[in-house]
Each structure stands twice: as C-alpha cells, then as structure tokens.
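Q: I'm new to reading structures, and I'd like to go slowly through one small part of this one. Could you pick a spot and walk me through what surrounds it?

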Amino acid sequence: MMDPGNAVVRLCVQGMEAETRDDDAAARRLFVRAWEAAADDYEACVAAHYVARHQPTARATLDWNAECLRRAELVGDERVRGFFPSLHLNMARAHQELGDLDSAREHFRRAAEALADAPPGPYGDWGRYAVAEGLRATGGAHRRDERLRELLTGLCARADLVSLALVLPAFVGDLGTDGDRLRLLTALGMLHAGRRLPGAEQVSLGAIIASLRTGAEQDAV
C-alpha cells in the first residue's frame, strides 16, 4: 500500500485523476513533476511507472519501464514486493509492441512467477488475466482446446451469465500450469454436472473435459 501522505504519491494520484478526465497532458506534467521530486529509489520507482504511461514511442515506454523495474530492484523490500507482477507485465508488453517476443515471453513468465505477491482482489485478478493472455500470445503457455473457446463464444452469444461466471475466471486466468488445468477442469466439471447446457453443447463440454484429462495424464507420464 502506497503512503497517501507522500508528496510523490500525491502528485501521481493527481495525475491519475487527470487521466480520468482524459487530460493526458496534465497527467504527464504531474507525473514528470513526481519524477523530478523523487528523493529516493522508492519514490523514483513509483513516479517512473506513471511517466512510462505517457511516452510517445514504444522504445521510450520500454526505457521508462526498465528504469521503474531497476529502481524497484534497488529498493528490494516489502514496499515494492507487490509491484513486480505489474512491472514485469509492463516490460513484457513494451517488448511485445517492439516485436521482441523472446524478451516479452521472459517478462510474462517472470510476472507469472511474481503473481503470488500481488494484492488479492480485482487488481491481482487483472494481473493474472493480462499475464495469461500475454503468455498465450507469445508462446509461453499451452493453448487449450479450441472447442472450449467455441463453447464460451456460444455462451456469450446467448448471455448465459451464470455459466460464464463459473468458467471464465479459470479460462481467462489460465497460465498453463498443472494447477490452472485442475482449476479449469473443476469449473468445467461443475458446469457439466449442472446439465444446464443444450444437448450438443453438453456433449461438446464432456469431450473437452475428456481432452483436458487426457492431456494431464500424458504430461504426468
């Protein structure tokens, strides 16, 4: 939790408020002021994170994100521990935009490793979803059965919100680990047991579950 009484943090909060008003020029000025006011590595880390959001090029964004990560590593204590999933995610996205998929994948993986330190709740969930998306896009995680995506598309089309609420968190947050596969299998199994889907979708769901289980068994061999 950042100290709301810290002068640099206050400037960043004001900058975020300007962002909500779509006043990006004012936001950037406030974030630059925060950077100029930073008196130690912690404050510089916080300010650099926000300055990076208002850069004209992907290369400049990467440079500021790298500075932010460097300062966080210099701090190295509990104040920044929960920052690292987001910091590596920002690095990954910047590399991805520049077309460096190997570096992007490595930072997505490092973000995934740090997710346990992210604050619980919507912030942590958002981080997991973003990291999972990045890993899939850069070849850092197995792609799940395409039939599952088709099934979810059908649920979206008819706004089956209950079924989506059960399955989507496990699907969107799938980092490709054994634990994530089990989480996804559990959600799909509960949906299958509820028998709330039309006949063809229920059959397809059973086939998807069988495929995931077979994949798990093969990986264990």
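A: Here is a close look at one histidine, followed by the parts around it. Keep in mind that this is a predicted model.

Let's start with His 49, which sits in helix H3, the stretch covering residues 41-51. Is His 49 buried or exposed? It counts as buried, because its relative accessible area is 17% and the cut-off for buried is under 20%.

Now see what His 49 touches. If you skip the neighbours within four places in sequence, its contacts are Cys 68, Ser 86, Leu 87 and Asn 90. With Asn 90 there's something extra: the two side chains make a polar contact, at 3.5 Å.

So who is this partner? Asn 90 belongs to helix H6, and this residue is buried too, because its relative accessibility is 17%. Again leaving out neighbours within four places in sequence, Asn 90 is in contact with His 49 and Asn 65.

Next, follow another contact of His 49, namely Leu 87. Beyond its neighbours within four places in sequence, Leu 87 is in contact with His 49, Cys 68, Leu 69 and Ala 72. Notice that Cys 68 turns up in the contact list of His 49 and also in that of Leu 87.

Leu 87 takes us to a bigger picture. The largest nonpolar core has 27 residues, and Leu 87 is one of those touching the most other members, along with Cys 12, Phe 31, Ala 34, Ala 72, Val 80 and Phe 84. Which elements give two or more residues to this core? They are helix H1 (7-20), helix H2 (24-37), H3, helix H4 (58-75) and helix H6 (84-97). The largest share, 7 residues, comes from H3, the helix that holds His 49. As a general pattern, nonpolar side chains in soluble globular proteins tend to be buried together. Apart from this core lies another, with 18 residues, including Leu 164, Leu 188, Ile 208 and Leu 212.

For a last stop, try a pair of helices elsewhere in the chain. The axes of H7 (residues 101-114) and H8 (residues 122-137) come within 9 Å and cross at roughly 145°, and the crossing is left-handed. On the H7 side, the contact is made by Arg 105, Phe 108, Arg 109, Ala 111 and Ala 112, while H8 brings Ala 130, Val 131, Gly 134 and Leu 135. Sorted by class, that contact has 6 nonpolar, 1 polar and 2 charged residues.

Definitions and conventions:
Residues are numbered from 1 along each chain as its sequence is written. This is a predicted model: local features need pLDDT of at least 70, side-chain atom pairs count only at pLDDT 80 or more; totals for chains, interfaces and linings use all residues. Side-chain values use heavy atoms; hydrogens and water are left out. Axes are lines fitted to C-alpha atoms, for helices over the stretch in contact, and angles run from 0 to 180 degrees between N-to-C directions. Helices (H or I, at least four residues) and strands (E, at least two) are DSSP runs, numbered from the N terminus. A crossing is left-handed if the near helix is turned anticlockwise from the far one by less than a right angle, and right-handed if clockwise. Contact means heavy atoms within 4.5 Å. Ala, Val, Leu, Ile, Met, Phe, Trp, Tyr, Cys and Pro count as nonpolar, Asp, Glu, Lys and Arg as charged, and the others, Gly among them, as polar. Buried means under 20% relative accessible area, exposed over 50%, partly exposed in between (1.4 Å probe, protein chains only). A polar contact is a pair of N or O atoms within 3.5 Å; within protein, one must be able to donate a hydrogen and the other to accept it, and residues adjacent in sequence count only if both atoms are side-chain atoms. A nonpolar core is a set of buried Ala, Val, Leu, Ile, Met, Phe, Trp, Tyr and Cys residues joined through side-chain atoms within 4.5 Å.
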